[in-house]
Amino acid sequence: MPTMIEHVALWTKDLGASAQFWKTCFGAVLSDEYHSKNRPGYRSVFVTLENGPRIELMTGPWVQALPDDEYEGWAHVAVSLGSEEAVRQKFAQCQMSGLRTTNPRYTGDGYFEATILAPGNMLVEITV
């Protein structure tokens with residue numbers, strides 16, 4: 001059986017805004033919100049993208065806002081859209097929605113990408 005990432009998990013202060021970001025920007029399907037009986041205050045939603053993997057968005061009253069600067073841990077999530085035109089279209093859609101973005105560009109290592117800042121200062125790269 002091949003090894004693959006089934007899902008990644010991200011802490012967020014605003015579960016609703018984070019879930020809505022993935023639904024609006026990427027057409028993700030959202031699970032019902034889970035409320036833990038064993039860990040009071042813990043809630044989560046699974047975000048399912050068309051071709052996976054899934055993203056588990058998690059929150060609780062102990063979650064702290066992330067600083068604007070870089071920090072130790074996962075740096076970003078990259079979402080492949082399949083073509084340069086799809087990246088340009090998604091960039092325009094997100095920019096018109098008022099999200100903070102960086103212009104599409106070729107990186108030094110050959111990627112064509114743009115970035116979107118999701119709720120909680122979570123960086124999402126959109127790429128080919």
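So, Gln95: you'll find this residue in helix H2. Keep in mind that we're looking at a predicted model. Is Gln95 buried, exposed or something in between? It's partly exposed, because its relative accessible area is 42%. Now look across to Ile116. Along the chain, Gln95 and Ile116 are 21 residues apart, and their C-alpha atoms are separated by 8.4 Å.

Okay, stay on H2 and bring in the other helix, H1. The axes of H1 and H2 come within 10 Å, and they cross at roughly 130°. What do we call that arrangement? The two helices, H1 and H2, are oblique to each other, because an angle has to be over 145 degrees before it counts as roughly antiparallel. Who makes the contact? On the H1 side we have Thr24, Cys25 and Phe26, and on the H2 side Lys90, Gln93 and Cys94. Sort the residues in this contact of H1 with H2 by class and you get 3 nonpolar, 2 polar and 1 charged.

Two of those names are cysteines, so let's talk about them. Just as a reminder, a disulfide is a covalent bond between the sulfur atoms of two cysteines. How many disulfides does this model have? The count comes to 0. Cys25 is in no disulfide, and the nearest cysteine sulfur to its own belongs to Cys94, 3.3 Å away. Turn it around and you get the matching story: Cys94 is in no disulfide either, with the sulfur of Cys25 as the nearest cysteine sulfur at 3.3 Å. Why doesn't that pair count as a disulfide? Because the two sulfur atoms would have to be within 2.5 Å. As for the surroundings, Cys25 counts as buried, since its relative accessibility is 3%. Cys94 is buried as well, with a relative accessible area of 0%.

Let's move on to the core. The largest nonpolar core has 25 residues, and the ones with the most contacts inside it are Phe21, Trp22, Phe26 and Leu57. Quite a list of elements give two or more residues to this core, among them helix H1 (15–26), helix H2 (84–96), strand S4 (43–48) and strand S5 (54–59). Strand S6 (77–80), strand S8 (112–118) and strand S9 (122–127) are on that list too. Which element gives the largest share? That's H1, with 6 residues.

Zoom in on Phe26 for a second. Leaving out residues up to four places away in sequence, Phe26 touches Phe21, Leu49, Val79, Leu81, Lys90, Ile116, Val124 and Ile126. Notice Ile116 there, the residue we compared with Gln95 at the start.

Ile116 comes back once more, with Arg100. Arg100 sits in the loop between H2 and strand S7 (101–106). With a relative accessible area of 59%, Arg100 is exposed. Even so, Arg100 touches Thr115, Ile116 and Leu117, again not counting residues up to four places away in sequence. Compare that with Pro40: Arg100 and Pro40 are 60 residues apart in sequence and 33 Å apart in space, C-alpha to C-alpha.

Here's another pair to click on, Met1 and Pro67. Met1 is in the segment before S1, and Met1 is exposed, at a relative accessible area of 99%. Between Met1 and Pro67 there are 39 Å in space, C-alpha to C-alpha, and they're 66 residues apart in sequence.

Now go to Ala9, in strand S1 (residues 7–11). Ala9 and Ile55 are 46 residues apart along the chain, yet their C-alpha atoms are separated by 5.6 Å. Not counting residues up to four places away in sequence, Ala9 touches Glu56 and Met58. Ala9 is partly exposed, because its relative accessible area is 35%.

Last stop: Asn121, in the loop between S8 and S9. What's unusual about the backbone here? Well, most residues other than glycine have a negative phi. Asn121 has a positive phi of about 60°, although it is not a glycine. And since its relative accessibility is 26%, Asn121 counts as partly exposed.

Definitions and conventions
Residues are numbered from 1 along each chain as its sequence is written. This is a predicted model: local features need pLDDT of at least 70, side-chain atom pairs count only at pLDDT 80 or more; totals for chains, interfaces and linings use all residues. Side-chain values use heavy atoms; hydrogens and water are left out. Helices (H or I, at least four residues) and strands (E, at least two) are DSSP runs, numbered from the N terminus. Buried means under 20% relative accessible area, exposed over 50%, partly exposed in between (1.4 Å probe, protein chains only). Contact means heavy atoms within 4.5 Å. A nonpolar core is a set of buried Ala, Val, Leu, Ile, Met, Phe, Trp, Tyr and Cys residues joined through side-chain atoms within 4.5 Å. Axes are lines fitted to C-alpha atoms, for helices over the stretch in contact, and angles run from 0 to 180 degrees between N-to-C directions. Angles under 35 degrees count as roughly parallel, over 145 as roughly antiparallel, 65 to 115 as roughly perpendicular and the rest as oblique. Ala, Val, Leu, Ile, Met, Phe, Trp, Tyr, Cys and Pro count as nonpolar, Asp, Glu, Lys and Arg as charged, and the others, Gly among them, as polar.
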